[in-house]
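Thanks for coming. I will walk through one structure, going from its core outwards to a few local details. Please have the sequence and the 3D view open.

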Amino acid sequence: MKKYTIKQLFFLLVILTGISAKAQQPDPPGQVKGSEKPKNEAYLFAHMTHNDYGRLYYSVSLDGLHWENLNNGKRVFEEYKGHPDICKGPDGKYYIAGNTGDDAKSINIWVSDDLITWKKHSDYTPDLKSTPDYSNALQRIGAPKLYYDKDSEKFIMTWHTPHLEGTKEDGERYWASQRTLYVLSKDLKTFEGTPKRLFDWDMGTIDVFIRKVGDSYYAVIKDETYPTLYWTTGKTIRIAKSKSLLGPYSLPQQSISPNFREAPMLIPSPDDKIWYMYYEQYPGVSYGLSIADNLNGPWFQASGYTFFSDWDKYSFPEKVRHGCMVTISKNEYDSLVKKFGITKNK
């Protein structure tokens with residue numbers, strides 16, 4: 001057997017590394033080419049950070065793939081606390097929902113004309129004990145999210161609430177007991193009735209948001225059952241489907257993400273033909289990206305976080321944590337950059 005010197009082994013390693021770096025995946029679909037104008041001009045990522053959990057930060061993108069910090073990585077609105085979720089209403093205004101902590105009794109909602117200046121819009125205190133078939137709900141409100149449904153001309157606000165405490169022997173049962181609740185509103189000031197369960201199937205779900213595409217509603221969820229050989233979809237991002245905003249929703253599709261992912265975010269590509277689904281590998285390790293040409297799938301994962309520029313098809317500022325992504329106009333993008341300043345990634 002031929003023996004190699006240290007210098008020869010080092011030289012061989014350099015060659016193999018170079019080959020690996022150049023053996024790249026194709027670029028993600030959905031981008032515009034040449035002089036073609038994008039249908040979705042720009043994007044805002046409202047998020048928290050690893051070192052300042054639950055506070056509001058902004059990053060922006062022109063292609064939905066490469067994201068850059070605004071405001072030199074500082075908070076953009078001091079009063080906000082929560083898991084940021086922004087929704088555009090029929091009045092053209094933006095609404096953001098949050099809460100001061102999972103044990104807070106109220107959901108707090110702010111409104112903005114320009115995504116720069118926010119003012120308090122309302123507070124909503126759900127009577128969790130009044131939820132039908134969920135009388136043992138604990139006073140916990142996780143990650144409230146907003147969606148405006150044009151068909152019903154109503155907002156739906158969703159969040160997750162558990163019904164079992166964790167124990168030393170089984171801390172996971174707290175998470176497995178999370179169920180997604182909702183309430184409807186015309187104006188996010190007055191709310192209709194008591195909270196209700198969104199899904200009639202019995203499994204843990206968190207981080208749920210709704211989108212309508214075509215004639216179908218899609219509920220993007222995190223499956224909050226712990227992964228095992230017998231529940232392989234545990235702690236992954238999945239999608240359920242319905243013909244109606246309030247269901248009934250189908251059992252969720254197979255996993256879009258690997259296990260131990262949460263806080264999904266969904267945006268259309270610049271050419272409006274492709275879907276980009278982001279999700280966090282927790283706790284704050286990295287972001288993954290899955291891509292499909294329709295929400296029924298199939299989905300594939302784009303390459304990222306490899307630290308080889310040819311392989312990294314998307315990028316984020318360091319230490320960002322979950323929130324929401326929304327499409328914005330180029331004028332709104334320019335206004336945000338003018339107000340806060342943009343920080344180019346190194």
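One term before we start: two residues are in contact when they have heavy atoms within 4.5 Å. What we are looking at is a predicted model.

Take Leu 115. Which residues does Leu 115 touch, leaving out those up to four places away in sequence? The list is Leu 44, Tyr 58, Ile 86, Tyr 94, Ile 328 and Leu 336.

Leu 115 belongs to the largest nonpolar core, which has 23 residues. Leu 115 is among the residues with the most contacts inside that core, and so are Leu 44, Tyr 58, Ile 86, Trp 118, Ile 328 and Leu 336. Several elements each supply at least two residues of this core: strand S1 (42-49), strand S2 (52-61), strand S5 (94-98), strand S19 (320-328) and helix H3 (330-340). Apart from this core lies another one, of 20 residues. Ile 141, Tyr 148, Phe 155 and Leu 188 are among its members. As background, nonpolar side chains in soluble globular proteins tend to be buried together.

Next, the pocket. The largest pocket has a volume of about 780 Å³. It is lined by 27 residues, and the closest to its centre are Lys 88, Tyr 147, Tyr 148, Arg 211 and Thr 327. Strand S4 (85-88), S8, strand S12 (205-213), S15 and S19 are the elements that give two or more residues to the lining. Two names come back here: Tyr 148 was listed in the core of 20 residues, and S19 supplies at least two residues to the core of 23.

Now the aromatic rings. How many aromatic pairs does a search of the whole structure find? The count is 23. One of them is Tyr 305 with Tyr 314: the ring centres are 6.2 Å apart and the planes are at 65°, so this pair is edge-to-face. Tyr 305 is partly exposed, with a relative accessible area of 32%, whereas Tyr 314 is buried at 4%. Tyr 314 also pairs with Phe 316, with centres 6.3 Å apart and planes at 80°. Why is that pair called edge-to-face? The label applies to planes over 60 degrees apart, and these are at 80°. Phe 316 is buried, as is Tyr 314. These three residues sit in one aromatic cluster together with Tyr 43, Phe 45, Trp 67, Tyr 278 and Tyr 287.

A ring can also have a charge over it. Lys 120 lies over the face of Trp 110, at 5.2 Å from the ring centre.

Last, the backbone. Where are the cis peptide bonds in my notes? One joins Tyr 282 and Pro 283, with omega about 5°. Pro 283 is in the loop between strand S16 (275-281) and strand S17 (286-292). Another runs from Gly 297 to Pro 298, with omega near 0°. Pro 298 is in the loop between S17 and strand S18 (300-301).

Two alanines have a positive phi without being glycine. Ala 143 has phi near 45° and lies in strand S8 (residues 142-149). Ala 263 has phi of about 50° and is found in strand S15 (residues 261-268). Are they buried or exposed? Ala 143 is buried, with a relative accessible area of 3%, and Ala 263 counts as buried at 5%.

Technical notes. Residues are numbered from 1 along each chain as its sequence is written. This is a predicted model: local features need pLDDT of at least 70, side-chain atom pairs count only at pLDDT 80 or more; totals for chains, interfaces and linings use all residues. Side-chain values use heavy atoms; hydrogens and water are left out. Helices (H or I, at least four residues) and strands (E, at least two) are DSSP runs, numbered from the N terminus. Buried means under 20% relative accessible area, exposed over 50%, partly exposed in between (1.4 Å probe, protein chains only). Rings of Phe, Tyr and Trp (its six-membered ring) pair if their centres lie within 6.5 Å; planes under 30 degrees apart count as stacked, over 60 as edge-to-face and the rest as tilted. A charge sits over a ring if NZ of Lys or CZ of Arg is within 6 Å of the ring centre and within 35 degrees of the ring normal. A nonpolar core is a set of buried Ala, Val, Leu, Ile, Met, Phe, Trp, Tyr and Cys residues joined through side-chain atoms within 4.5 Å. On a 1 Å grid over the protein atoms alone, a cavity is a set of points where a 1.4 Å probe fits but cannot get out, and a pocket is an open set with protein on both sides within 12 Å along at least five of seven lines; lining residues have an atom within 4 Å of a point. Grid points are joined across faces, edges and corners, and a volume is the space filled by probe spheres set on the points.
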